[in-house]
Amino acid sequence: MLLRNGRAHRMLAGAVHYFRVHPDQWEDRLRRLAAMGANTVDTYVAWNFHEEIEGAPRFDGWRDVERFIRLAGDIGLDVYVRPSPYICAEWSNGGLPSWLTGRTRRVRSSDPTYRAAVESWYAELLPRLAPLQAVHGGPIVAVQIENEYGSFGSDREHLHHQRDLLRQHGIVELLTTADGITAGMQAHGTVEGAMPSFTFGTGVPTALDLLPPSTPLVCSELWGGWFDHWGERHHVRSARSMIGTVDELLAAGGSVSLYMAHGGTNFGLWNGANWDGGLQPTATSYDSDAPIAEDGRVGAKFEALRASFAPFHDGPLPELPAGPRFQDPQTATLTAEASLIAAVRALAASGPHPHPATFEELGVAEGLIAYETTAIVEAGENVLALKGLHDRATVFVDGTRVATLDRDGETSTALPVSDRPVVITLIVENLGRINYGPKIGEHKGILEGVLLGRRYVHGWTHRVIPMDAPQPIGATGTDGYAVAELDVADPADAWLAFPGGVKGFVWVNGFLIGRYWNVGPQTTLYAPAPLWRAGRNTVRVLDLEHLGSAVEVRDEPELGEIEEFIGS
């Protein structure tokens, strides 16, 4: 059993990621967590969210993790911080900066390049966390040193270094590891001086069998729901199934952190991807069928957890805050602004370079890069092949769309034969950086080169397509940019749908809320109240394939056809 101030204690935690919740809504979500009966909030720290540019880490605004932790403490919650440089979390690159994985693929090891970068990052982060520990009157009661390392590697020196770095920077509270419920995962992921814990959807008896003597039983991630990939169904887990495992764990004397208590949103381009014989990019919604939904609503899971957690409190649980408010439904016309190819051609180009450069070589983490060259397309030598395409490319010849290529499908296409030089444009999208397993750190763009027939095509220019409040110019078309103006009397939450659209990005008043894709499962994107203003609001869309005609404002989500799923 855990002890707190010398008394037997149960950690009743839930995961809420500050980087997936608008900061103006942090307090609301944390108060809902407390009303659910949790006494602790569990959060990762996403390194790449803070240090997008090497050597310039940010801890302001949305990145003010100290404010999030203090706010949790003010509400009466303990904080379990998981600052491992690697977080998985279905987050881009598992939280590792792309500038680092562009330099070394030997991550999560004692590799000197990786170690030096972690030491520099921790020198910035840990002095901010150390004063917030319980020993100094703050809310932090536990800190994780690595995340499911037993599923990844076996470098003992790396684990020792991670542990020692925390101690060197003044972290004195309980140290933990978190791994799955196999003997190998536990053996390779645990380290002396840190309490082992488990991650599972079901498996309390197995965890008990693996638990070392005199060690508290803690599930650092009890998967009460699951996330979604594009092209799959919306994953759910019934309240009855979830609470059955929670109650089984509590009956065994254990402590729990529900993953996720509130999933939030993969705003911008922060979604990760998995690999299972092919790329599985994670959807924009990270709702995870959590007891506190993406928009803050609660239901059967919330009530079940509140009932199970209540007996572990000395007094009544906090009241649930008032429910979220939503905008009145409306529909606004999308007006085309610039076609995809016209908007790209309006951007300044760099180069030429002999070969198409990767995202990493261009210093680009996410988004879209346009590669362009000129070539004569000869008969019998007219098949264009993208070698090492990561991940999806739209092919234009002299401004006319001829194909869409995908790393797990067709990566070559026949071009029209021409006896004069033609302009070949490739617009490549990073669908999401892999966040779990041996492919983490994989590069993006065109990794090997482009063949036309038997020969490599040389002489490429590059254009990085802006993903931060773009201002497109150029002739209009059936794809590309379009804008809608919406009048809002009282800013409140909204769900946005784009009927007729195929695959695109959406900005609300200049803020990129994420991607939509007609392969599903989700149809609507969450646009939280703090993004809106009273009066006129702008919603801009960039559709890579075909623009819809309107933006629909809804007061209910549509996350897709459901599928019962329990993480193992």
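Trainee: Which residues of H10 do Ala239, Met242, Ile243, Val246, Asp247 and Leu250 in H9 meet?
Mentor: Keep in mind that we're looking at a predicted model. H9 covers residues 239-251, and H10 covers 300-309. The residues on the H10 side of this contact are Ala300, Lys301, Ala304, Leu305, Ser308 and Phe309.

Trainee: How are the axes of H9 and H10 set relative to each other, roughly parallel or roughly antiparallel?
Mentor: Their axes come within 9 Å and cross at roughly 20 degrees. Angles under 35 degrees count as roughly parallel. So H9 and H10 are roughly parallel.

Trainee: And is the crossing of H9 and H10 left-handed or right-handed?
Mentor: We've just seen that the two axes cross at roughly 20 degrees. As for the hand, H9 passes H10 in a crossing that is right-handed.

Trainee: Let's move to H1. How many of its 10 residues are buried?
Mentor: H1 runs over residues 26-35 and is mostly covered. Buried residues in H1 include Trp26, Leu30 and Ala34. The count of buried residues is seven.

Trainee: What covers the buried residues of H1?
Mentor: Helices and strands both show up here. Among the strands are E3 (12-16), E4 (40-44), E11 (255-262) and E31 (525-527). The helices included in the cover are H3 (65-75) and H10.

Trainee: What word describes how H1 and H3 lie to each other?
Mentor: Start with the contact: Trp26, Glu27, Leu30, Arg31 and Ala34 in H1 meet Arg67, Phe68, Leu71, Ala72 and Ile75 in H3. The axes are 10 Å apart, and the packing angle is about 40 degrees. An angle under 35 degrees would count as roughly parallel, and 65 to 115 as roughly perpendicular. H1 and H3 fit neither, so the word for them is oblique.

Trainee: What residue with a positive phi follows H1?
Mentor: Look just past the helix, which covers residues 26-35. The phi there is near 105 degrees, and the residue is Gly37.

Trainee: Now some strands. Which residue in E32 stands opposite Ala484?
Mentor: E27 (residues 480-488) and E32 (residues 535-543) are the strands to look at. They pair in the antiparallel sense over nine bridges. Opposite Ala484 stands Val539.

Trainee: What is the bridge partner of Val506 in E32?
Mentor: E29 covers residues 503-508 and runs antiparallel to E32, with five bridges joining them. E32 itself is mostly covered, as seven of its nine residues are buried. The bridge partner of Val506 is Val541.

Trainee: Is Thr284 buried or exposed?
Mentor: Thr284 is in the loop between E13 (279-281) and H10. Its contacts beyond four places in sequence include Trp230, Ile513 and Leu525. Its relative accessible area is 4%, and buried means under 20%. So Thr284 is buried.

Trainee: Which residue's backbone oxygen does the side chain of Thr284 reach?
Mentor: Among the residues in contact with Thr284 are Gly514, Arg515 and Gln522. At 2.8 Å from the side chain is the backbone oxygen of Arg515.

Trainee: Last one: what does Leu362 count as at 26% relative accessibility?
Mentor: Leu362 is in the loop between E16 (350-353) and E17 (367-376). Its contacts, leaving aside neighbours within four places in sequence, are Ala357, Ile369 and His462. Buried needs under 20% and exposed needs over 50%. With 26%, Leu362 therefore counts as partly exposed.

Definitions and conventions: Residues are numbered from 1 along each chain as its sequence is written. This is a predicted model: local features need pLDDT of at least 70, side-chain atom pairs count only at pLDDT 80 or more; totals for chains, interfaces and linings use all residues. Side-chain values use heavy atoms; hydrogens and water are left out. Buried means under 20% relative accessible area, exposed over 50%, partly exposed in between (1.4 Å probe, protein chains only). Helices (H or I, at least four residues) and strands (E, at least two) are DSSP runs, numbered from the N terminus. Two strands pair if DSSP finds at least two bridges between them. A polar contact is a pair of N or O atoms within 3.5 Å; within protein, one must be able to donate a hydrogen and the other to accept it, and residues adjacent in sequence count only if both atoms are side-chain atoms. Contact means heavy atoms within 4.5 Å. Axes are lines fitted to C-alpha atoms, for helices over the stretch in contact, and angles run from 0 to 180 degrees between N-to-C directions. Angles under 35 degrees count as roughly parallel, over 145 as roughly antiparallel, 65 to 115 as roughly perpendicular and the rest as oblique. A crossing is left-handed if the near helix is turned anticlockwise from the far one by less than a right angle, and right-handed if clockwise.
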